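Student: I'd like to go through this structure with you and ask how its labels are earned. Could you set each value beside its definition?

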Amino acid sequence: MKKVTILGSAAAEGIPAMFCNCRVCREAWKNGGKDIRMRTAYKFNDRIRVDFGPDTLAQEYKFQLHSENLRHLFITHSHEDHLYNFLLNYRRPGFSVVPEDAILNIYGNPGVMMALNVHFARYRCDFAKFRLNPVELTPFVPLELPEEDMTFHPLRANHMPTEQPMIYAVRYGKKWVLIANDTGVFPEEDWNYIEEKMFRFDLVISDCTGGIIDIRDGHMSGKFVLETKARLEQIGAVDKATRYVINHFSHNGLATHAELEAYYNPHGIEVGYDGMELELE
């Protein structure tokens, strides 16, 4: 059965955030469960994930991920809550036993490639030693994974103006998934591409960093989440059968899990949480 697993559902600080005593963090400590959030990342299957933040090791243990099987890692952008390069050091011989043919392909925009090069410069960018293969992506140029029966379409995110952050429209067998965290309202070229390709998504995971606050650019939340869903419905990319989920929450969004559900559930939107499994078949 094909599914997408939310490995983490928080923005950069996590929830509860370190050093913080705000109401949302206090409630998270008290409530536990879905209010405890690690940094955002996703798993398609044992071989494919999206994003690789500083909570990856904790997620490995909690969800029994077996990263020795990981072969394709798609990065949305180079912020360290989505790309924590230091953990990749442990693919080096002496830290782990990685067969020579067990290559981990890391896909991302030019900023992600630069971050990898800067980090591994101390090792003369000898990626082969770490069984790594960086692959630069171009917006709106699909990448095929025939052995997985998947296609990744990189779209532009409305986020981080110093590089070209990406969101991903993914064909997963006969199903379609949109992973769109760390973006405000989509750029017009994204809307044009979605409409041109006539995507019809079975699952959408949308940014909602600001919780119940209205944020349009850089991140998305409040009324702009609802407007984005409505526009996707208008162009036929989303319908009543689409599972629509929000994710990537900050404690600064002023809402606990229950409060997010009270705000968004009436609009047909589910609230993501760590370990949420989204079945596609």
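Tutor: Happy to. Buried means under 20% relative accessible area, exposed over 50%, and partly exposed in between, with a 1.4 Å probe and protein chains only. Keep in mind that this is a predicted model, where local features need pLDDT of at least 70, side-chain atom pairs count only at pLDDT 80 or more, and totals for chains, interfaces and linings use all residues. Residues are numbered from 1 along each chain as its sequence is written, and side-chain values use heavy atoms, leaving out hydrogens and water.

Student: Why is Phe86 called partly exposed?

Tutor: Phe86 has 40% relative accessibility, and partly exposed is the class between 20% and 50%, so Phe86 counts as partly exposed. Its place is in the loop between strand E4 (72-74) and strand E5 (104-108); strands (E, at least two residues) and helices (H or I, at least four) are DSSP runs numbered from the N terminus.

Student: What makes Phe86, Tyr90 and Phe95 a nonpolar patch?

Tutor: Patches are made of residues with over 30% relative accessible area and no salt bridge; nonpolar side chains (Val, Leu, Ile, Met, Phe, Trp, Tyr) are joined within 5 Å, like charges within 9 Å. Phe86, Tyr90 and Phe95 form such a patch on the surface, with about 320 Å² of accessible area together. Those areas come from the Shrake-Rupley method with a 1.4 Å probe, and for residues only the protein chains shown count as cover.

Student: What makes Arg39 and Asp55 a salt bridge?

Tutor: The definition asks for a side-chain nitrogen of Lys or Arg within 4 Å of a carboxyl oxygen of Asp or Glu. In Arg39 and Asp55, the closest N and O atoms are 2.5 Å apart, so the pair meets the definition. This pair links distant parts of the chain, 16 residues apart: Arg39 is in the loop between H1 and strand E2 (41-45), and Asp55 is in the loop between strand E3 (48-50) and H2. Both Arg39 and Asp55 are buried.

Student: Why is Asp202 called buried, while Arg200 is called partly exposed?

Tutor: Asp202 has 16% relative accessibility and therefore counts as buried, whereas Arg200, at 28%, is partly exposed. These two also form a salt bridge, with the closest N and O atoms 2.8 Å apart.

Student: How do you know that Lys229 and Glu233 are about one turn of the helix apart?

Tutor: Both lie in helix H5 (residues 223-234), four residues apart. Their side chains meet in a salt bridge (2.7 Å, N to O). Lys229 is buried because its relative accessible area is 11%, while Glu233 is partly exposed because its value is 36%. Across the whole structure, the search finds 16 salt bridges.

Student: What makes an empty space a cavity and not a pocket?

Tutor: On a 1 Å grid over the protein atoms alone, a cavity is a set of points where a 1.4 Å probe fits but cannot get out; a pocket is an open set with protein on both sides within 12 Å along at least five of seven lines, and lining residues have an atom within 4 Å of a point. The largest pocket has a volume of about 470 Å³. Of its 20 lining residues, the closest to the centre are Glu60, Ser67, Leu87, Tyr90 and Arg91. The largest cavity has a volume of about 70 Å³.

Note on methods:
Grid points are joined across faces, edges and corners, and a volume is the space filled by probe spheres set on the points.
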